[in-house]
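Here's a quick briefing on charged side-chain pairs, for anyone about to set up a calculation. Take a look at the model first, then read on.

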Amino acid sequence: MSDDPAAARSETSGDPTDTGPAGTDESREAMRPAAATPTFDSDLGPGDTGPEVEDVFGYLRRFGYFPNPSLARRFPMWRPGLAFPPEDPQVFDETLETAVRMFQQANGLEVTGRIDEATRDLMARPRCGVPDVPVPEGAQRFVAQGNRWPGPGVSYSFSGFSPDLTTAQARTAVRGAFDRWSAVTPLNFTENPAGGDIRIGWFSGNHGDGASNAFDGPSGVLAHCFYPPPNGGDIAGDCHFDEAETWTVNTPPTGIDLPTVALHELGHGLGLDHSADTSAVMYAYYGGARRELTADDVQGIQSIYGARFRWASRGGAIFDPVVATNADGRLEVFARGTDGALWHIWQTRPNNGWSGWASLGGVIQGRPTVGRNADGRLEVFARGTDGALWHIWQTRPNGRWSSWASLGGWIVNPVVAANADGRLEVFVQGADGALWHIWQTRPSNGWSGWASRGGVLSSPVAVGRNRSGRLEVFVRGTDGALWHTWQTRPSNGWSGWASRGGVIVGAPVVGANADGRLEAFVRGTDNALWHTWQTAPDGTWSGWGSLGGTIADPCLGRNADGRLEVFVRGADNALWHIWQTRPSNGWSGWGFLSGQLIGGPVASRNQDGRMEVFVKGTDSALWHTWQSAPNDGWN
């Protein structure tokens with residue numbers, strides 16, 4: 001393989017460009033085959049001389065302890081343990097002694113500086129071909145190499161298979177290795193037969209990625225894998241297995257265990273170096289089946305990517321979940337069930353513990369909406385099968401529920417908001433496409449008739465409340481722009497419609513900054529997240545700004561410290577989020593919260609300040625993830 005993208009990618013022939021200028025010392029060193037496993041059977045130490053000492057030097061040079069131009073070309077971030085080789089490679093001098101001590105330290109041996117029995121035995125074992133990275137005595141056992149894959153999605157492909165195994169056996173072994181790394185990181189791995197980020201294959205001898213990386217036949221170097229980008233060029237992330245080995249997936253292994261070696265090599269492909277922990281998967285030497293990651297491996301990979309975000313299932317088979325907070329601080333989720341009824345599930349105490357699902361009956365259409373009365377009672381509104389607005393409410397705060405009652409009309413997409421004086425108000429799209437609304441005539445009780453606010457809507461509405469208490473309604477107009485209308489004074493009186501411009505897709509979402517300024521978020525025609533905001537509380541509006549991403553279904557939450565946070569379904573159907581870096585201003589880059597969504601997300605905040613996000617999973621159940629602490633860290 002050549003780092004030159006214009007060069008042909010040959011996996012089966014030598015790379016003549018990897019030998020340096022013809023006739024130089026560098027070219028002669030680079031064209032030497034990989035050092036054979038040492039065969040000496042006596043101790044060696046300072047002052048000893050002869051070919052066996054040179055074998056030790058060659059072995060240590062092959063695995064990273066002395067300068068090696070071929071290794072440097074194929075592992076650009078690798079640096080040798082020592083800057084200079086011994087003056088005479090057949091003399092066991094202080095330089096070689098230092099390298100032996102480094103080798104022993106890096107591989108969990110007693111550090112003696114001599115080639116003793118334990119060191120000879122280890123050198124005779126099969127191992128990974130990736131060079132070691134010597135670390136100071138007493139350093140942590142795992143070593144993070146420094147490179148990482150930039151996004152949570154990493155693809156892989158196969159460029160060949162072992163004749164010892166069926167294609168299905170090899171694929172299953174490698175998939176299992178990927179799954180183990182995925183289980184403890186935010187990374188998701190998918191096979192792309194057309195060509196993946198990580199390319200996997202079986203090769204013999206000098207197979208085109210440098211003489212120092214040539215395979216040496218059975219029971220020597222088993223495999224090697226190259227670090228992630230940005231270094232490494234075309235070969236970054238690729239994993240090669242020695243075809244000369246006898247590969248197996250049997251338990252116990254009847255040859256070299258592919259699941260074990262694949263798990264180790266992919267650790268390099270994700271950015272780990274070798275570990276000095278002899279029990280770790282990332283230990284350089286093969287010692288039989290080791291198919292599960294150890295604490296050392298997990299700590300190492302999480303030092304690069306962090307832990308995988310955990311999700312919990314609340315079960316059920318649901319549509320259109322919404323979430324509200326009870327008067328006592330307990331979260332409660334409402335959803336339409338497969339029978340068309342309204343179902344709910346709730347925390348059994350604030351911040352933790354959940355009930356089972358219970359039905360509130362009815363036959364509803366579309367997404368319900370839920371508000372909290374001035375006296376603390378939750379109230380749910382939904383479209384009935386007759387097209388009218390129906391509602392059901394708690395008969396006391398945190399308590400039981402009434403029967404369903406109709407508020408009439410012919411409506412779609414109801415949204416409820418609370419006025420400054422505590423009266424609930426419901427906004428809908430009417431049969432004429434206009435904005436209609438109905439409101440409580442006094443806090444917690446009594447309803448007006450329906451009234452039209454005009455306009456022609458092409459999306460569900462979003463409602464925000466200004467710092468002065470005035471409600472403001474936002475919709476997508478028939479021209480694709482964002483339009484809004486607002487109360488002219490708190491709790492009463494409405495303006496005409498005004499356009500905020502833009503060309504948006506789907507419904508907007510709106511929230512209030514910590515300083516009281518409203519901010520609206522939409523999906524643009526480029527599928528990115530766009531936003532516009534009041535330049536002062538209750539005041540004029542900015543132009544549009546892009547927050548990037550490729551998004552669908554945005555929803556908004558607010559952290560305990562007042563920072564807004566937007567959650568979306570990404571192009572990979574996972575949950576992504578972006579947040580203000582300080583209250584009322586500045587935005588982070590996009591962060592990945594994993595999962596697989598087909599509905600939601602919706603966000604709320606626990607009594608202790610931790611945000612919690614709910615989605616419909618691919619199994620149609622309700623799933624959720626939550627902050628591990630207010631304002632920071634996710635489950």
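**Salt bridges in the model**

Arg 610 and Asp 608 pair up through their side chains in a salt bridge, with an N to O distance of 2.8 Å. Keep in mind that this is a predicted model. The count of salt bridges comes to 18.

**The Arg 610 pair**
- Arg 610 sits at 10% relative accessibility, so it counts as buried, under the 20% cut-off.
- Its partner Asp 608 has 35% relative accessibility and counts as partly exposed.

**A shared network**
- Arg 199, Asp 234 and Asp 238 are joined into one network by salt bridges that share partners.

**Pairs around Asp 320**
- Arg 336 makes a salt bridge with Asp 320, and their closest N and O atoms are 3.0 Å apart.
- That pair ties together distant parts of the chain: Asp 320 belongs to strand β10 (residues 318-325) and Arg 336 to strand β11 (residues 331-337), 16 residues apart.
- Arg 367 also forms a salt bridge with Asp 320, this time with the closest N and O atoms 3.9 Å apart.
- Here the link runs between strand β15 (residues 364-372), home of Arg 367, and strand β10, home of Asp 320, with the two residues 47 residues apart.

**Buried or partly exposed around Asp 320?**
- Arg 336 is buried, at 18% relative accessibility.
- Asp 320 counts as partly exposed because its 21% relative accessibility falls between the 20% and 50% cut-offs.
- Arg 367 is partly exposed too, with a relative accessible area of 36%.

Definitions and conventions. Residues numbered from 1 in each chain as written. Predicted model: local features only at pLDDT ≥ 70, side-chain atom pairs only at ≥ 80, totals over all residues. Heavy atoms only, no water. Salt bridge = Lys/Arg side-chain N within 4 Å of Asp/Glu carboxyl O. Helix = DSSP H or I, 4+ residues; strand = E, 2+ residues; numbered from the N terminus. Buried < 20%, exposed > 50% of the residue type's maximum accessible area, 1.4 Å probe, protein only.
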